[in-house]
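User: I would like to go through this model by way of its aromatic pairs and surface charge. Please set out the terms as they come up.

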Amino acid sequence: MNKREFLDELRARLEEAGVASSQGLIDFYDEAISDRMEAGMSEEEAVAKVESIDEIVKRAKLDMPMPVVVKNKIKESHKSAKKSGRGGIWMILSIIGFPVWFPLLVAAAAVLFSVYIVLWSLVISFFAVEFAFAISAVACFLLSFTSITGFIPLASFIALLGSALLLAGIALLLWKPLLISAKGMIYIVKAFVKSIKKLFI
């Protein structure tokens, strides 16, 4: 397969899949093949070295928003039923089964959305705890200076300054593990969304 054939087939497959950013992907693979050809490969070798069209289309579908993925899956199902001569049956079953499949679909979407929100809430909670320690440290440090004006006794000054140092130390110690756990949670959220999308692709 030469470059033009590869890019034409890729364009057709991406458009068929409803990928919005198809031109960007085509330009990317056009440049990738051209770079390999400039490095001394033949056109056919350069095309063979890039990913298969199936892999490119699959990854592009995974990057699409969830509603678009579901909509495309329904269109594919209807198109497949029409090709096999069962388009009318598909439509009738969709209408008759609406009272069953629609509430189930809404319930599944609500559960998935809840899990998604819970995962992000954990990330926000981690940062809220970290900032609480940091702000408390600053507040204790500033409050300790009121002893200079004689508002609080020396013992309170020492206690406040010690608390400020302790809280600042905890905040500093927690910062790196917090970032690692937040990155891990973001990875889990992305993997969760991708695994749901894979059910429809």
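Analyst: Buried means under 20% relative accessible area, exposed over 50%, and partly exposed in between, with a 1.4 Å probe and protein chains only. This is a predicted model, in which local features need pLDDT of at least 70, side-chain atom pairs count only at pLDDT 80 or more, and totals for chains, interfaces and linings use all residues. Residues are numbered from 1 along each chain as its sequence is written, and side-chain values use heavy atoms, with hydrogens and water left out.

User: Is Y29 buried or exposed?

Analyst: Rings of Phe, Tyr and Trp (its six-membered ring) pair if their centres lie within 6.5 Å, with planes under 30 degrees apart counted as stacked, over 60 as edge-to-face and the rest as tilted. F28 and Y29 form such a pair, edge-to-face, at 5.0 Å centre to centre and 90° between the planes. F28 is exposed, because its relative accessibility is 52%, whereas the relative accessible area of Y29 is 3%, so Y29 is buried.

User: How many residues apart in sequence are the parts that the pair of F127 and W175 ties together?

Analyst: The ring centres of F127 and W175 lie 6.3 Å apart with their planes at 75°, so this pair is edge-to-face. Because F127 belongs to helix 7 (residues 98-144) and W175 to helix 8 (residues 154-200), helices being DSSP runs of H or I of at least four residues, numbered from the N terminus, the parts tied together are separated in sequence by 48 residues.

Key:
Helices (H or I, at least four residues) and strands (E, at least two) are DSSP runs, numbered from the N terminus.
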